[in-house]
Amino acid sequence: CTKDDLAPVTNNITNNNPANPAKPPTDYSLDTSVRLNYTVLLVSGTNFSLGYGKASDNHVADAKVTITQNGVKQEITTDQSGMANFTGFFKGVLAVSITKDDMTAIKYLVTVNAAVGSAKAGKVDVANIIPIFRTKNDALTAQLIGRVTYQNDLTNSTREIVPTGTKIVASIDATNPSFYDQYLKIKNPYILDSLQSGKILNFAYEAAFYDSTDALGNYAITIPGSIDGLPFKLNAPDMVSNQKYYENASVAGFNQSKTVRTLYSSAQFPSVIPPAGGAQVTFLSGSGAFASASVSGSGQLDKININSGGTGYTSAPKVIINGGGGNGATASAIVTNGVVTAINITNAGSGYTSDPTVSIISGSGANINATIGGGGSVLSIQVINSGNGYITAPTITIGAPTLTGGVNATATAVINATTGAITSITITNAGSGYISNPTITIAAAPSGGTNASASTVYSGQSVTSFVITNGGSNYTGNPAVTFSLPDIASGTRAQGIATVDVNTGVITGFTITNPGSGYTFAPTIALSAGSGASATAMFSGRGLTGISIFNGGNDYYSAPTVKITGGGGNGAVANALISNGKVVGFTITNAGTGYTSSPSIELISGSGAQASVTVTNGEISSINIVNGGSKYTGAPKIVITSNPTNGPGAGATAVAIVDANGSISGVTITDKGTGYLGGNVPSIAEPFSVTPATGLFVISGSTYVRDIHLGTGFRIGE
């Protein structure tokens with residue numbers, strides 16, 4: 001696992017101390033008047049530690065030692081005692097290089113320590129003990145394994161696995177103070193007189209150890225070890241990747257996804273993470289549907305073919321026929337078990353030269369609120385014993401509600417002025433939060449009187465009324481009313497029927513058929529007018545007779561507007577039918593006249609709406625319209641996704657409000673959800689890091705696990 005072609009790791013050590021203070025000139029100047037005898041004692045650092053005086057038979061023989069000074073070069077091989085003695089050099093800096101097969105190569109600079117006394121007879125003797133380490137995969141080496149990750153997608157909460165082949169490099173950390181203490185600092189004067197030790201200026205092991213990651217981001221490197229722990233450091237060559245993240249688009253909480261070229265490096269500090277909102281709002285109004293119309297015959301509508309009957313129709317939808325060059329054609333739909341099973345032509349019209357468009361309109365846009373029966377309120381109080389002798393009306397005390405946040409009910413008594421008996425009890429505040437009948441306490445009667453008693457009748461959290469906030473439009477019959485489930489598990493779902501003005505298609509009222517029970521908050525209400533039916537009209541003459549669907553599209557939650565153009569005619573009108581988010585058919589409400597060829601069909605479903613989100617304490621606290629969009633034919637479905645996209649936030653729901661111009665004018669939050677984090681993850685830049693973060697001191701024969709994180713990177717594409 002070693003490579004000699006990697007750049008050496010340089011470690012500066014001056015005065016035998018990593019602090020690297022100022023260098024006195026006398027240590028460097030070449031003095032040809034003083035000859036220098038230099039001795040290298042080469043030892044195996046794998047099982048020898050100079051700092052602890054562990055001198056043993058660990059000398060390294062047959063290593064090649066090369067010294068260069070002022071253009072003069074000598075090369076000597078160490079003897080069996082691990083020594084190489086050099087003469088013929090002068091006082092000054094020496095460049096030393098040591099190599100041996102299967103052991104770490106090293107280069108360093110050394111000079112005479114200023115503490116060495118004056119030369120004797122014009123000669124100075126200097127020596128150093130130099131450790132090198134075994135690199136072969138045997139019992140004296142160690143294994144370094146781990147997994148490598150990086151943050152290449154800040155829109156989720158997971159760390160991504162780096163690409164296969166990412167290189168991880170391990171190198172001996174000779175700058176670590178413990179390395180100096182254990183392998184370079186002289187502590188035992190019997191090994192080497194510290195005054196005669198060379199002053200090492202620069203010390204670098206050339207060999208680096210590396211491996212490339214697999215598909216799971218794992219790496220494994222064989223590295224040298226020692227008996228006392230050899231310090232190592234880890235790094236990774238620079239890597240570039242396209243990083244995805246959220247960025248606010250001038251409006252706080254409104255996120256735009258961006259991708260930018262990003263540098264991941266163990267040497268470069270990462271860029272600041274941009275702020276972003278806590279959730280993303282998407283308006284689903286449908287897209288992708290495509291249809292074509294056909295015309296034939298002698299100008300009259302003669303047939304409407306049903307392409308799809310749709311589902312969920314509670315009444316017959318309106319059939320609109322337009323285009324095809326003619327006019328006057330009308331038709332009515334027949335619904336069986338919620339499905340459009342037939343469309344009958346009630347007026348064939350005239351002048352159609354091509355197939356008109358057929359549109360089926362089932363109503364949309366209505367918005368209502370339900371009011372529950374006091375939210376678990378006291379409905380009435382029945383007098384069980386009227387008592388007697390009361391001079392004034394006694395105080396009535398009603399027990400506290402069961403549910404947290406409930407309101408205590410209150411009541412007053414009415415007495416008979418002659419007998420002093422209680423004749424009735426009037427509720428002044430029905431309260432809320434009761435899930436069972438509360439107790440009733442009546443103040444005691446005066447001396448000689450008889451105490452009265454009473455019991456309550458509890459409303460049971462049932463739905464008692466509706467409030468219409470938007471009557472909608474184009475309803476041709478009474479749509480089904482669906483209440484949300486009660487808050488208490490033992491409760492029953494409420495039921496009701498909507499009333500529609502047959503002339504305007506607007507919802508005008510509601511009838512509760514079953515008030516339900518177990519509601520502690522007003523339930524939500526959904527109106528189902530049916531969707532998904534489609535048809536093709538055929539005409540005899542110059543009117544539109546049918547529309548064929550080529551692609552039903554996706555995400556339609558209200559019927560798109562059908563625009564019919566071309567074909568040589570005019571006047572054709574059609575309505576689209578949707579089911580499960582797709583356009584499944586059309587109803588021609590006016591076949592039009594004068595069509596000589598099939599007109600083109602365009603489906604307009606609304607687009608462009610954007611909103612920003614504010615997260616407070618993990619909940620969606622507000623949704624603000626940034627762009628209302630245009631051409632919405634009904635309220636689009638709102639999808640709220642957590643930022644990050646796979647973050648813990650969930651449960652938030654909302655309903656869009658569409659104005660008369662087809663724009664989104666507001667959003668009503670129906671559930672704030674929980675657990676939303678907000679913005680990019682992480683929100684603070686992460687540098688290159690190693691886990692565990694504690695120093696890596698390698699002992700021979702051991703295995704070490706170090707996971708590496710390349711961090712959030714430096715964005716170089718901005």
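Two strands count as paired if DSSP finds at least two bridges between them, and strands themselves are DSSP runs of E, at least two residues, numbered from the N terminus. This is a predicted model, in which local features need pLDDT of at least 70, side-chain atom pairs count only at pLDDT 80 or more, and totals for chains, interfaces and linings use all residues. Residues are numbered from 1 along each chain as its sequence is written, and side-chain values use heavy atoms, with hydrogens and water left out.

**Stop one: a sheet.** Select residues 31-44, which are strand 3. Three strands make up an open sheet of mixed pairing, in the order 6-3-9. Add strand 6 (83-91) and strand 9 (123-132): each stands at an edge with a single partner strand, so one side of each has no neighbour in the sheet. Strands 3 and 9 run parallel and are joined by ten bridges. To find one pair, pick Arg35, whose bridge partner in strand 9 is Lys123.

**Stop two: Leu544.** Go to strand 40, residues 544-554, and select Leu544. Leu544 has 0% relative accessibility, so it counts as buried (under 20% relative accessible area, with a 1.4 Å probe and protein chains only). Now show Ala572: it is 28 residues from Leu544 in sequence, and the two C-alpha atoms are 6.6 Å apart.

**Stop three: a cavity.** A cavity is a set of points on a 1 Å grid over the protein atoms alone where a 1.4 Å probe fits but cannot get out; its lining residues have an atom within 4 Å of a point. The structure holds three cavities of 30 Å³ or more. The second largest has about 40 Å³ of space, a volume being the space filled by probe spheres set on the points. Select Ser265, Gln268, Pro270, Leu710 and Gly713, the closest to its centre of the 13 lining residues.

Methods: On a 1 Å grid over the protein atoms alone, a cavity is a set of points where a 1.4 Å probe fits but cannot get out, and a pocket is an open set with protein on both sides within 12 Å along at least five of seven lines; lining residues have an atom within 4 Å of a point. Helices (H or I, at least four residues) and strands (E, at least two) are DSSP runs, numbered from the N terminus. Buried means under 20% relative accessible area, exposed over 50%, partly exposed in between (1.4 Å probe, protein chains only).
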